[in-house]
Amino acid sequence: MRGPRDVSRETWRDIRAGLTDTWTVGLGLIPLGLAFGMLMVQSGYAWWWTPIFSLVICAGSMEFLAISLVAAGIGPVSATITGFMVNFRHIFYGLTFPRDSIPTAAGRAYSTYALTDESYAVASSHPPGSLSGVRVLTIQIFCQALWVIPGILGALLGQALPADILGMEFALTALFIVLAWESFDNNRDPFLPLLAGGLAVVTALVAPGNMLMVALVLYVLILVVRFRWEESRAFSSVGLPTRGGRSGLASDASDTEQAREAQRDGEGG
């Protein structure tokens, strides 16, 4: 049996591994958080609204969008629908995110709340089942800290900067470009970015108001169809189950052996 010290060492090992996993993405979150904090102040908000936005919303792209939504006086229903549309991709994140490795209900609740593009990108770069619950939570807590703390610093710094500085909002686009490249670098399948780009262009022309949701749904459906097709092709190459669960190759081998036995019986007779 493992003692408390063994458990403690294992926990600290998972925490260190989670920090190591996250620091590269964290380098992108720091300037993004700084940009968000400065944009908050330059948009007329007090600096202390920055951590409130970050902790209540906890979704980078939606936080940037919420600045203009609140300033424009958008109602709660419209804001809720907009938030659902912007973060619709999180539904698909939740299908494969290793939340089930977290043993406690409180930990799983926090993991659901803190699921972001960055934490999903870090977790999905590992094989399924390889991350412990402590490591998953460390990734998410570290990602959130690297967003909230620089946001506060950016808001305080933004109070001392001129109000006419432009381009802060591009930090989010730059981060998505980096995350897309890291995802492709982990799985160099050119079909995936070509499909995503093609669907983005087509849906932007056909359904510009719902481009993100329509493109994501089509993307997932095409990937499911592709997976099923590759799976059926793999089964057909080794033989489909036949005759009481035996594969086609096993059935053929059995028939060949029976034919040889019949031939030997005939020669013996």
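# Helices, charges, rings and a pocket

Trainee: How many of the 8 residues of helix α7 (residues 117-124) are buried?
Mentor: Buried means under 20% relative accessible area, exposed over 50% and partly exposed in between (1.4 Å probe, protein chains only). Helices (H or I, at least four residues) and strands (E, at least two) are DSSP runs, numbered from the N terminus. Helix α7 is largely enclosed by the rest of the structure, because its buried residues number 6.

Trainee: What kind of model is this?
Mentor: Residues are numbered from 1 along each chain as its sequence is written, and side-chain values use heavy atoms, leaving out hydrogens and water. Local features need pLDDT of at least 70, side-chain atom pairs count only at pLDDT 80 or more, and totals for chains, interfaces and linings use all residues: the model is predicted.

Trainee: Which residues of α7 are buried?
Mentor: Look along helix α7, which is largely enclosed by the rest of the structure. Its buried residues are D117, E118, S119, Y120, V122 and A123.

Trainee: How many salt bridges does the structure hold?
Mentor: Side chains of opposite charge can pair when their charged atoms come close. A salt bridge puts a side-chain nitrogen of Lys or Arg within 4 Å of a carboxyl oxygen of Asp or Glu. The number in this structure is 4.

Trainee: How many residues apart in sequence are the parts tied together by R226 and D189?
Mentor: The side chains of R226 and D189 form a salt bridge, with N and O 2.9 Å apart. R226 lies in helix α11 (residues 211-238), whereas D189 is in the loop between α9 (170-186) and α10 (191-206), so the pair ties together parts whose separation in residues is 37.

Trainee: Is D189 buried or exposed?
Mentor: Its partner R226 is partly exposed, at 24% relative accessibility. D189 has a value of 18%, so it counts as buried.

Trainee: Which residues are linked in a network of salt bridges?
Mentor: R226 also meets E230 in a salt bridge (3.3 Å, N to O). E230 and R226 are 4 residues apart in helix α11, so about one helical turn separates them. The linked residues are D189, R226 and E230.

Trainee: Which residue forms a salt bridge with R228?
Mentor: R228 is exposed, with a relative accessible area of 53%. Its partner also lies in helix α11, 3 residues away, about one turn of the helix. The closest N and O atoms are 3.1 Å apart, and the partner is E231.

Trainee: What type of aromatic pair do Y45 and F53 make?
Mentor: Rings of Phe, Tyr and Trp (its six-membered ring) pair if their centres lie within 6.5 Å; planes under 30 degrees apart count as stacked, over 60 as edge-to-face and the rest as tilted. The whole structure has 8 such pairs. The ring centres of Y45 and F53 are 5.6 Å apart and their planes stand at 65°, so this pair is edge-to-face.

Trainee: Which residues form one aromatic cluster?
Mentor: Two members are buried: Y45 at 14% relative accessible area and F53 at 8%. The full cluster is Y45, W48, W49 and F53.

Trainee: Which element gives the most to the lining of the second largest pocket?
Mentor: On a 1 Å grid over the protein atoms alone, a pocket is an open set of points with protein on both sides within 12 Å along at least five of seven lines, while a cavity is a set where a 1.4 Å probe fits but cannot get out; lining residues have an atom within 4 Å of a point. Lining residues of this pocket include C58, H90, F97, R99 and Y113. α5 (89-96) and α6 (105-113) each supply at least two lining residues. With 3 residues, the element that gives the most is α6.

Trainee: What is the phi of C58?
Mentor: Most residues other than glycine have a negative phi. C58 lies in the loop between α2 and α3 (60-71), and is buried at 8% relative accessible area. C58 is not a glycine, yet its phi is positive, about 50°.
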